[in-house]
Amino acid sequence: KWEKELNVIEIVGDEDDKAMLYTSLYHTMINPSVYMDTDSLYRGIDHNIHRADGFTNYTVFSVWDTYRALHPLFNIINRERNKDMVHSMLAHYNQSVHKALPVWSHMGNENGCMIGYHSVSVLADAIDKGLDMDKEKDLEAMVNSSNVGYYDGIAEYKELGYVPFDVKGSGSSITLEYAYDDWTIYNTALKVNNSQVAEVYKKRALNYRNVFDPELQFVRAKMRDGSWKSPFDLLDTHGQGFIEGNSWNYSFYVPHDVKGLIKEMGGDMQFIRRLDSLFTMHLPDEFFEHTEDVTREGLLGNYVHGNEPSHHVAYLYAWTSQPWKTQYRVREIMNRMYLNSIDGLCGNDDCGQMSAWYIFSAMGFYPVCPGSGQYVLGAPYFPYMKVRMGDNQYLTIKADRVSNKNRYVKAVKLNGKPYTKAYITYDDLKNGAEIE
């Protein structure tokens, strides 16, 4: 069975390369996990017995982690399985007294861990990638999940356009993540021609602007009365308005409007300087030593790869005048943070997210904004990679002379023709493709 599952990807590389790639692939297949008996019965979050009718029921939805790359990866290599996972999320929604999709679904319970309502991103990406779903019903579930007023500052978020620090201690990070989730609802509403919902969530998706301090040009903790929290420390991961991260890392979290983010930070060159500084500055231990999942092993400068909020950041250079820096940084992260040794993973794998990042980056692209249909180009890690996308459908990636020294992309061909965009789309890949 494992031979069959791991055979979805073939690579050319040395033994360490293969150990890292296939270990990562294995990690992506541990969770979410099947949660039902052989007769399809399982105990739901209402603690009643339900039957999974026409789908396999799953649990362990650590969606704050896995919406970023794990579920998008499944939409390429494990589409039927991801469809079952989405159906499981909708079953959770139907059983929920809150009428909410999973936040952290765990063995017939909702443990509410971490922030955001990121199951909406998982549904949006599945719809965008053409999985067979009831789009109107899915949109209803997404809208309801984003309007549970008593959940994590949503009432204040809707009233004020941000979650105040004096209401929720991690309010600024919550605001940023809600804004992205709201963009996925907006984009889904467009797909089902629901202009009323689209208009509401188009505005909500821009709420990230409300926590940017125009003087600092960083995201900052904001009080209910509209004042900025003072004193404020850009480096500290405690008591500054963020969860498991600091302002330096979280300020780059606007995956759905990177052009708008660059404007908030002062333009192209200032944005590049900020990115460069993030990867090269020193972060003293005092700022993270008591923060879960943030350790020295997972740091590259002040960039935190051992925890998820920054996983897209190295790809943001693609929006700037210096996109080659994505190709440099991504390979540095792969070489330093993923090693074939007993301490070879730089942080909690978090149900496959850390490993899914590695697999995408090895392919040479990454879903910076799940639900958008776009994968931002980096550079392939291996000279040859073949990925099975379905029956007799393969994605082949060739980079003949790639190495640690020769890591920069001069040109790209898609199916033998010159390709000039900084991203490729799912539509480019879905029927099989060759990237060179």
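Author: Let us begin with a term. An angle between axes under 35 degrees counts as roughly parallel, one over 145 as roughly antiparallel, one from 65 to 115 as roughly perpendicular, and the rest as oblique. The structure discussed here is a predicted model.

Reader: Why are helix 2 and helix 15 called oblique to each other?

Author: Helix 2 covers residues 15–27 and helix 15 covers residues 353–363; the two pack at an angle of about 130°, with their axes 8 Å apart. That angle is not under 35 degrees, not over 145 and not within 65 to 115, so it belongs to the rest. Helix 2 and helix 15 are therefore oblique. Their crossing is left-handed.

Reader: Which residues make the contact between helix 2 and helix 15?

Author: Helix 2 contributes Met 20, Leu 21, Ser 24, Leu 25 and His 27, while helix 15 contributes Ser 355, Tyr 358 and Ile 359. By class, this contact of helix 2 with helix 15 holds five nonpolar, three polar and no charged residues.

Reader: What makes helix 4 oblique to helix 15?

Author: The axes of helix 4 (residues 70–77) and helix 15 come within 9 Å and cross at roughly 55°. Since this angle is neither under 35 degrees nor from 65 to 115 nor over 145, it falls among the rest. Helix 4 is thus oblique to helix 15. The crossing of helix 4 and helix 15 is left-handed.

Reader: Which residues of helix 4 and helix 15 meet?

Author: From helix 4 come Leu 70, Pro 72, Leu 73 and Ile 76; from helix 15 come Gln 353, Ala 356, Ile 359, Phe 360 and Met 363. The contact of helix 4 with helix 15 has eight nonpolar residues, one polar residue and no charged residues. Ile 359 is listed in the contact with helix 2 and in the contact with helix 4.

Reader: Why does Val 60 count as buried?

Author: The relative accessibility of Val 60 is 7%. Buried means under 20%, so Val 60 meets the condition. Val 60 is placed in the loop between strand 5 (58–59) and strand 6 (61–62). It has a positive phi of about 65°, although it is not a glycine.

Reader: Is Gln 217 buried, exposed or partly exposed, and why?

Author: Gln 217 has a relative accessibility of 22%. Buried requires a value under 20% and exposed a value over 50%, with partly exposed in between; Gln 217 therefore counts as partly exposed. Gln 217 also has a positive phi, about 60°, without being a glycine. Its place is the loop between strand 8 (212–213) and strand 9.

Reader: How do you know that Arg 81 and Glu 5 form a salt bridge?

Author: The side chains of Arg 81 and Glu 5 meet at 3.1 Å, N to O. The cut-off for a salt bridge is 4 Å, and the pair satisfies it. A search of the whole structure finds 17 salt bridges.

Reader: What does the pair of Arg 81 and Glu 5 tie together?

Author: Arg 81 lies in helix 5 (residues 79–95) and Glu 5 in helix 1 (residues 2–6), so the salt bridge ties together parts that are 76 residues apart in sequence. At 25% relative accessibility, Arg 81 counts as partly exposed.

Reader: What makes Asp 128 and Lys 129 buried?

Author: Asp 128 has a relative accessible area of 19%, and Lys 129 has one of 4%. Buried means under 20%, so the term applies to Asp 128 and to Lys 129. These two residues form a salt bridge, their closest N and O atoms being 2.8 Å apart. Through shared partners, salt bridges join Asp 125, Asp 128, Lys 129 and Lys 191 into one network. Within it, the side chains of Asp 125 and Lys 129 meet at 2.6 Å, N to O.

Reader: Why does Asn 187 count as buried?

Author: Asn 187 stands at 15% relative accessibility. The limit for buried is under 20%, and Asn 187 therefore counts as buried. Asn 187 is found in helix 9 (residues 171–191). Leaving aside residues up to four places away in sequence, it touches Gly 371 and Ser 372.

Reader: Where are cis peptide bonds found?

Author: One joins Asn 31 and Pro 32, with omega about -5°; Pro 32 is in the loop between helix 2 and strand 2 (33–34). Another joins Ser 230 and Pro 231, with omega about 0°. Pro 231 lies in the loop between strand 9 (218–219) and helix 11 (247–250).

Technical notes: Residues are numbered from 1 along each chain as its sequence is written. This is a predicted model: local features need pLDDT of at least 70, side-chain atom pairs count only at pLDDT 80 or more; totals for chains, interfaces and linings use all residues. Side-chain values use heavy atoms; hydrogens and water are left out. Axes are lines fitted to C-alpha atoms, for helices over the stretch in contact, and angles run from 0 to 180 degrees between N-to-C directions. Helices (H or I, at least four residues) and strands (E, at least two) are DSSP runs, numbered from the N terminus. A crossing is left-handed if the near helix is turned anticlockwise from the far one by less than a right angle, and right-handed if clockwise. Contact means heavy atoms within 4.5 Å. Ala, Val, Leu, Ile, Met, Phe, Trp, Tyr, Cys and Pro count as nonpolar, Asp, Glu, Lys and Arg as charged, and the others, Gly among them, as polar. Buried means under 20% relative accessible area, exposed over 50%, partly exposed in between (1.4 Å probe, protein chains only).
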